[in-house]
Every structure is written in C-alpha cells, then in structure tokens.
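Visitor: Could you take me on a close look at one part of this model, the strands around a single strand of chain A? I would also enjoy a short detour to the chain contact and a pair of helices.

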Amino acid sequence: MSATFDAIVVGSGITGGWAAKELTQAGLKVLLVERGPDEPHGQYPTEMKAPWEMPFRGMGDAQEYLKSYPVQSGNRHFNEFTQHHFVRDDINPYTVGEGQAFNWWRGYQLGGRSLTWGRQCYRWSDYDFGANKADGHGSDWPIRYADLAPWYDKVEEFVGVSGSAEGLAALPDGRFQPPMALNVVEQHVRGVIGQQWPDRCLTVGRTANLTQEKEGRAKCQYRSICARGCSYGAYFSTQSSTLPAAQATGNLTLVTDSIVDQVEVDPVTRKATGVLILNTATGKHMRATARMIFLNASAFNSVHILLRSRSELFPKGLANTSGVLGTHIMDHASTLSGMALMHGFEDRTTYGNRPTGIVIPRFRNLDKTDGRGFTRGYSYQGGALQSTWTQGKRMPGIGAEMKDTLHKVGPWKMVLVTYAESLPRASNRLTLDPVRTDAHGMAALHIAFDHGANERAALADAKTEAKAMLEAAGGTYLFGFDQPGAGGSSIHEMGGARMGNDPSTSVLDKWNRAHDVPNLFVTDGAAMASSACQNPSLTYMALTARACDAAVTMLKDGRL
Amino acid sequence: MAQHSEQALGERGLDRRQLIGAGLLLALGVGTPIALWRRHAEGESGSADAGQRALAERLSDLVVPATDTPGALAARVPDWLLLALSHGQAGTGTQPAGPFATVRAVGAAAPMGLGWLDAVGRQLNAMARGDFVSLPAKAQHDLLAALDAEAFKPGNDAHPWHKIKELILTGYYTSEIGGSQELRYELVPGRWEPDIPIGPQTRAFSSDWTAVDFG
C-alpha cells in the first residue's frame, strides 16, 4: 500500500463515507481508515434469522451482557441480532464525571453507526442556525440555512429520504421520495392536532428508507430490523451507498482494524502531514501521509484524536490554541412524554413493519416566546402501535384463556417521545482521563456532562402538551415522564470542536476547517455549535459534502 | 453434573419423589444434611436439578397449554426457562429479595436465576401444603391461578412469579411453534398497509418488532 495520499479520511461511518465519496469522485486519491473490522455489504450474519434460531431467542445472554456490554446493552436497538454492531464496553472504556452518567453508545466496524442509526432526516432552519446569536448561549454559527440548503438537496437526493412536504418554517421541506403512510390512528391524531393547534403538525418521520428503488438499492421491504444490516440496501448506510460510490472511482484505499492514534503536524508549516495508525491485528504502528486530513471518527472520537495529538506546537491538543476543544458538548434531552390507550380503532390494524414513526416538529419559541421557563424548543417522535404477545408479561391470567387473548391483535397505543434542544455549556466537556487507558494503552476519554434546567423545563412542558394532545384525540393517558435519561441516551452526542468565525472561541471555521491547521477538516458531529432538536445526521452529511467541495477547490487552487 | 448427583442419590436409595421431598424441606427452610449435600454435589453450577425441571415443566404447561395449537411443552419451553434462569435473563441474575429470598448453604455461590424458580416453588408448595408438582393438573391450575392473581395485585411487582411467567411467555412466543403457528411470523412483509380490517380469525404478529418492544 502506498502510504501517501491526497487525503486521509478517519472513520467510515455516516460522514466518513460521505467524505470518501466526495473526495474520490473529485479525483483525489483517498485513504479511508476504519478502526473496526470489515463487514461486507450483503453479508450481515443475523439479518434473516428468526428468534428461535438464536441461542437466546434474540435477547442475548444476560450474563455476557453484564460482563462485556453493561452500557451498550441499555440501547434500545441492542440485542442478540445486533450486538456485533456495538462495542464491547470492557475493552473500550471511558470515564464520566463524579456523580454523572453518560451512555456512549458506539459501533466500531466498517460503516460505524451508519448501520444502526435511526435514519431520521431533518433539515435545520434559521431558527436553529440563528439561535446562539439570538439568545447568547454558545457562540454564533458561521453559516446560515442558505449556506447549507443546496447541500441538503444534494445529500437527500443521494441518500433517498422518504417524507411528506409540509411547508413548515421550523422544519424545511427537502427532496423527498414518496412518504410512508400514517397508520389509521396516527392519521386521526394528525387531524385532531391540526384542528385544535394550527401551529402544530403531526407528520410521518422523514427517513432514509427508500420507497422507490435507486441505483443498486431496492426499496424498503417493511421489516424494520434495519440495525441488523440490510442486504436490500434499502436504507442509507456506508455499505449500501457511499462506499460503493467511492470504490467505483478506483481512487479509494480502505484499511480496517486500524486506529488513528494521532494526527501529525509539521511544526514549521503548521500543516497536518498525516496520521499515525495502530493496526490492531498486528499491534504495529504505521504512518500515512496526505495533503489534507478529514476527521470523521464520530463527534467524541474526533475530539479524542485531537486531544491525543499533543505536540510542542499544540500542547493542549491539536488545533486547540483557543482552549475550547472538547467543550460545549451536547446531547438532546429525551424522555417518554406520554403513552395513551387509543380507542375507536379496535377493528383496524396494519400489515408490515414501517421503519419510521411520526414527528411533531418544534412549535415552541419560534415567532413568539411561549416556552414556559425555557429558551429554544423540542419536538416529538413516536407513533401509534398495537400490542402483541409481550403484553402478557403485564397481564394477570394463565392457561387457555390467556393464550386466546394473546392470540389476538392487542389494543392501540400512542407514544410520544420528546427530544429537547441541549444548550451548549462550557462545563459539559471532553478531556483525556489522566489515569485510565484502553486496551491499546491510549488515554481513555473522560466525559463530563449534565443536562441543565433549560432542558428540564422543556421536558416538563413537553409532558403537559403530550397529555393534552393525546387526550384531545380521545386517548386515555397512561403515563409520561419529565426527566431526561442519562446524557448520551439520544445518541445525538455532538460538539467539542465547534465551528465559528472567531478563532479565539471556536475550533473550526465556516468550512469545517481548523482555524489553527489549514489542511485539517472535522466534519462529523464534533463541529456543531448548537444542537437544535432535530436528529443531526442529515446536517452532518450536508456539512461534510460542503466541506469536501471547499477543500477540493482550496487544494486545486494551491491554498492547502 | 445433575445426572451424576441423581445417580449418587440413587445409590443412597432415594427416588425422585424423595428427592423432591428433600427439596421441599429445603424450600420450607428446614435445612437437612441431604439437601445441603445435594447442593454441594452439584457444585452450585447453576444447572437445574430434577425437582426444578419438574416444576419448570408443570408451570410452562399450565401457563401455555396445548389447545388447538401446540403449547409450551411441544415448544420445549421448560428447556428455555432453565437455560434462561441459568444465564440470569429478564433480571434474574440477582436473587429475589425480602420474603422471597433464596435459602442456601452458608458460603455457597448463588445459583444464577434458579432462585426465582425455587421461590415460586416454595410458595406453591406452601399453598398446596405439600408437593405442588405431584397434585392433579386441575388442582395445580387452580393454585397457580390463585398465585398469579395475588402476584398481579397492585404493589406486588417484586413477586418472583412475574419473572417466571415472563420467561415462560417469552420462551413460547419466540419458539417456532409459538411465533409462527400460534401467532403469525413474516420476516419480509414486502409492503406496508396502514389501515386494514381485523377479522375474527386475525392473529397477532410475533414479527411486529415495535409491538414486541413497546406493546
């Protein structure tokens, strides 16, 4: 393998795949470095298995999970079918602040979390890009919606996002494939909400699952077991989409089982020269050089690499003359705000497993200040569903009578889960743990994180409003919560190397390029200066495509 | 290991009924040398003894009997139940607490999960004033129905029956019989129909993963 490239992309997840695709299609010779093992598309080992074909019926070995996956096993998508798409906690340690908890849910394999992501695709609006400037939390974004809109177009068209255009200012419409339909109960609730609250809209979740075929990818088969991997290629992942596009150029070199230990910098030119890579199979280090580096290792891991890459020139971590590297990390505060029994549809059901739910986009603090004790906003996701046999765990009864009950399609329930915006705070930050190391001897990441009063007030309001909407739709409200889960539970951890115009208060410029290192780009979630309340992956992808375009132009102009 | 211990007991002239009787005495908190010896002989490996297997079989059959479709025994639910308990599934990796605490020899390792089955067995034996497993099926059904009703009264969430029942239902409905004969199983539906009528014969799906998780 030649060790000199035009560009090195670190990480093969959602944004790394995009960087590899964009840069190779622009004619650059690219090295894509993945820390985990290969997982070829179409060879997903559990994809077609039934529960009775699994040693623990799909639930996995609780004993093993306690020992090796105590954090990861708390993830809703973690099970016996998907466990190989999650890291082993016992060999991938991190530490948290005193009295704090943080669920750092990760997948170290080719494709990263693009295999297991929730696939929800939402644009940000200028309510979001303008928020930091408007209310003074965090630092101002160096871009606005108009800067990113064409890149959202490009990304959506390639990804294949199904959804319904609703004309909402807070959640701009995109280039959608036809939407998946609301089920009969959701359709009813949409009608009630629209009538009673004209500023609120329930629509089907905009999702990276195809409703129309694309090149080399079949449309969704309505299995909703995406996190096992999908050999139909019906949802967007590195394997199904960006990697084959990058490989088709002939410009890509892919290495797996290779951890980037450090980014190396020439102290004279202050430019990145390449990366130091640890091959986990051989235990040996190697060096690869390039004209530019893209960090796409996931928000926290990209920051981790920068913190590790200390030198005389950058004693506090690479690209950290500002001192803000690692600070202002965020994760949406989420909770189950309401569950209700829904009546009047006992003779109706559905066929197939739709791989998306519903969304009620943000309606608070848009053109008027109506958040009770909080700035910014929240949105709901969820849906209406019917029970199956698992309801028997909570029901009295045994014998033929119970068997007969569980034989039938169960009652309808509607669920609303809230994602509240996470304000950027300096005290929520990543550092290198001074003591703990991982299996490779690298300093473990230390995560200090707490949700704040603003997030709690937003969740309290969300619970009140969820109850009101579910009851207005005729539901019997069963329960709901107003306290967030531990940090990380939304799996929307972001920030730590925020973009900004001011090099003294931000790490990256408006092109996701390090202020301090002109040929170093960070285009994953680390770049976020605020969190909005939308699922962030689409924005990461658009930022990546935009940054790649800028980087290629700079390279060709001789500015890198 | 269990086989070895039964053989050893047989050599000492104990039959299965006596073995269960010994288990009952232990269950009732009457420590006996033979019961402690039995535990010791099994090395506290977490594998089930004959009495536990017999109880697992009866409970599984009573919760999901054969009707016009096969029941829990045909679906080999007892095997699943004992495997699941020995691996601490459904939160049985920690022992039942309070009045349901497991009695075991001082210094012995905790038998992973099986303590929950033992706790249910003790209750049923106490209700039966004897050996629950050897009662006629109708009497077993009535006693278990009474225990079930008690366990599902408000505030009784810690009752060990919840976990045993959960694992029995899980074993049945995730088996091929329960999942694809009793219920419908469709791995690749291929289409989405958002609103269709339910008929009198409409069966639930075991492959409705959202319903399995949140239903």
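Guide: Happy to; what follows starts at one strand, moves to the contact between the chains and ends at two helices. Please keep in mind that this is a predicted model.

Let us begin with strand β10 of chain A, residues 285-295. Strand β1 of chain A, residues 4-10, pairs with β10(A) in the parallel sense, and six bridges join the two. To find your place in that pairing, look for A:A7, whose bridge partner in β10(A) is A:M292.

Strand β9 of chain A, residues 272-279, also pairs with β10(A), here in the antiparallel sense and over five bridges. In this pairing A:L276 stands opposite A:R287 of β10(A). β9(A) and β10(A) form a hairpin with five residues between the strands, and there A:G283 takes a positive phi near 75°.

Further along the sequence, strand β19 of chain A, residues 520-522, pairs with β10(A) in the parallel sense through three bridges. A:I293 can serve as your marker, with A:L520 in β19(A) as its bridge partner.

Now for the place where the chains meet. Chain A gives 49 residues to the contact and chain B gives 50. On the side of chain A that touches chain B, the elements giving two or more residues are α2 (62-68), β12 (348-351), β14 (378-386) and α9 (399-407). The residues on that side of chain A comprise 21 nonpolar, 19 polar and nine charged.

Strand pairing carries across the chains as well: β12(A) runs antiparallel to strand β1 of chain B, residues 193-197, and three bridges join them. Here A:T349 stands opposite B:I196 of β1(B).

Last, the helices. Two packed helices are described by the angle between their axes and the distance between the axes. In chain B, the axes of α6 (residues 114-128) and α7 (residues 137-151) come within 10 Å and cross at roughly 120°. α6(B) and α7(B) are therefore oblique to each other, and their crossing is right-handed. From α6(B), the contact is made by B:Q123, B:L124, B:M127 and B:A128, and from α7(B) by B:L143, B:L144, B:A146 and B:L147. Seven residues of this helix contact are nonpolar, one is polar and none is charged.

Conventions: Residues numbered from 1 in each chain as written. Chains lettered and ligands numbered in written order. Predicted model: local features only at pLDDT ≥ 70, side-chain atom pairs only at ≥ 80, totals over all residues. Contact = placed C-beta atoms within 7 Å. Helix = DSSP H or I, 4+ residues; strand = E, 2+ residues; numbered from the N terminus. Nonpolar A, V, L, I, M, F, W, Y, C, P; charged D, E, K, R; others polar. Pairing = 2+ DSSP bridges. Axes fitted to C-alpha atoms, helices over the stretch in contact; angles between N-to-C directions. Parallel < 35°, antiparallel > 145°, perpendicular 65-115°, else oblique. Left-handed = near helix turned anticlockwise from the far one by under 90°.
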